[in-house]
Amino acid sequence: MDTGLKDRVAVVTGGSSGIGFAAAAAFLREGARVAICGRDGDRLQRAAARLAAAAGSQSVEAVVCDVLDEAAVAAFRNRVEARFGRCDALVCNAGQARRSDFKNTSDDDWREEFELKFFSVLRPVRAFLPLLEASGQGAVVCTGALIARRPEPFLIATSANRAGQLNLCKSLASEFAPKGVRVNSVLIGLVDSGQWSRRYESGEAPAGMSKEDWFAGLAADRAIPLGRLGTPEEAANAILFLASPMSSYVTGDTIDVTGGQSRHV
Ligand code: NDP
């Protein structure tokens, strides 16, 4: 199947780990060139080396960039433009969840979570929009979360801000449609990414429990019908679809990647 991504350029924020890394690898397999960013330079360079080993260094750019830093995002865009001359797909993926309920979430926590969930979209979109408009098949894909629609009280600030982010994407989709730029989101349930492995390694699981058993327990606790966590590659497949002309008549919409956990009709 022709995804229409050959020789195109995809930018993936947070491409050094998990879902973003799998998305970058998927774009490269389709013949696209890829630019990734992250804050930790060592991790980013290791990821870029793995991607280049599979696809060739001529197709991979990696720039240290905190998506909350407007100047750094502009420098990232400038590097992509200088190296590849275009951007056809922007994946706003960088981020993480904040685990806290109402009692344990301070005003500063609320502000930080708002800043992350909104400006991790707004700043990259602002920077890359002219290139996306020039593309002729420009697409923005946001890695969102099922909790936007089904809030979890133990992720209170993340849930509320993910809902706001989804609302924002709908507005962007309407505003950019006349310019030929589509905006969609994938809503992730529980994916076995770097984030969850790091939670296991930091001791979140009961003492002595294996990672496999902890993940199996998480799937059971959340009543995931497919009975397991998703893989980063399964999330990346949905991102690839929404980022490519295969979904050319889809905008302002979402794909749930939740193993059946999203029970809304
Ligand atoms: P990972 O921790 O594996 O990857 C997160 C990536 O984002 C890393 O590359 C990280 O690099 C980067 N990152 C984080 N903050 C910033 C920042 N401010 N600026 C630039 N890069 C940043 O997590 P996942 O792959 O699981 O998560 C990807 C996205 O999916 C996130 O937005 C997450 O919230 C969302 N999601 C994931 C779920 C899951 O079950 N895995 C569920 C629902 C949503 P570095 O730290 O070096 O900056």
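Colleague: Where is glutamine 261 found?

Modeller: Glutamine 261 sits in the segment after strand S7 (254-257). Keep in mind that this is a predicted model.

Colleague: Is glutamine 261 buried or exposed?

Modeller: Compare its relative accessibility with the cut-off: buried means under 20%. Glutamine 261 has 3%, so it counts as buried.

Colleague: Which residues does glutamine 261 touch, not counting those up to four places away in sequence?

Modeller: Its partners are Leu146, Arg150, Gly189, Leu190, Arg222, Ile224 and Pro225.

Colleague: Now the cores. What is the general idea?

Modeller: In soluble globular proteins, nonpolar side chains tend to be buried together. Here the largest nonpolar core has 36 residues. Those with the most contacts inside it are Phe27, Val34, Ile36, Leu51, Ile188 and Ile239.

Colleague: Which elements give two or more residues to this core?

Modeller: Four helices and strands come early in the list: strand S1 (9-13), helix H1 (18-29), strand S2 (33-38) and helix H2 (41-55). Strand S3 (60-64), strand S4 (89-92), strand S6 (182-188) and helix H8 (232-243) also contribute. H1 gives the most, with nine residues.

Colleague: What is leucine 51 in contact with, leaving aside its neighbours within four places in sequence?

Modeller: Leucine 51 meets Phe21, Ala24, Ala25, Leu28, Ile36, Gly56 and Val60. There is also a second, separate core of 34 residues. Among its members are Ala35, Ala72, Leu90 and Phe119.

Colleague: On to the ligand. How many residues surround it, and which are the closest?

Modeller: The ligand has 29 residues around it. The closest are Ser16, Ser17, Arg39, Ser193 and Arg198.

Colleague: How do I read its polar contacts?

Modeller: Look for pairs of N or O atoms within 3.5 Å. A ligand oxygen lies 2.5 Å from an N or O atom in the side chain of serine 17. For arginine 162, a side-chain N or O atom is 2.7 Å from a ligand oxygen. With asparagine 93, the partner is a polar backbone atom, 2.8 Å from an oxygen of the ligand.

Colleague: How much of the ligand does the protein bury?

Modeller: Taken alone, the ligand exposes 890 Å², and the protein buries 95% of that.

Colleague: Last, the cysteines. How many disulfides are there?

Modeller: The test is two cysteine sulfur atoms within 2.5 Å. By that rule the count is zero. For cysteine 92, the nearest cysteine sulfur is that of cysteine 142, 4.5 Å away. Cysteine 92 is buried, at 4% relative accessible area. For cysteine 169, the nearest is also the sulfur of cysteine 142, 3.5 Å away. Cysteine 169 is buried too, with a relative accessible area of 4%.

Conventions:
Residues numbered from 1 in each chain as written. Predicted model: local features only at pLDDT ≥ 70, side-chain atom pairs only at ≥ 80, totals over all residues. Heavy atoms only, no water. Core = buried A, V, L, I, M, F, W, Y, C linked by side-chain atoms within 4.5 Å. Buried < 20%, exposed > 50% of the residue type's maximum accessible area, 1.4 Å probe, protein only. Contact = heavy atoms within 4.5 Å. Near = heavy atom within 4 Å. Polar contact = N/O pair within 3.5 Å; in protein donor to acceptor, adjacent residues only side chain to side chain. Areas by Shrake-Rupley, 256 points an atom, 1.4 Å probe, with all protein chains shown as cover.
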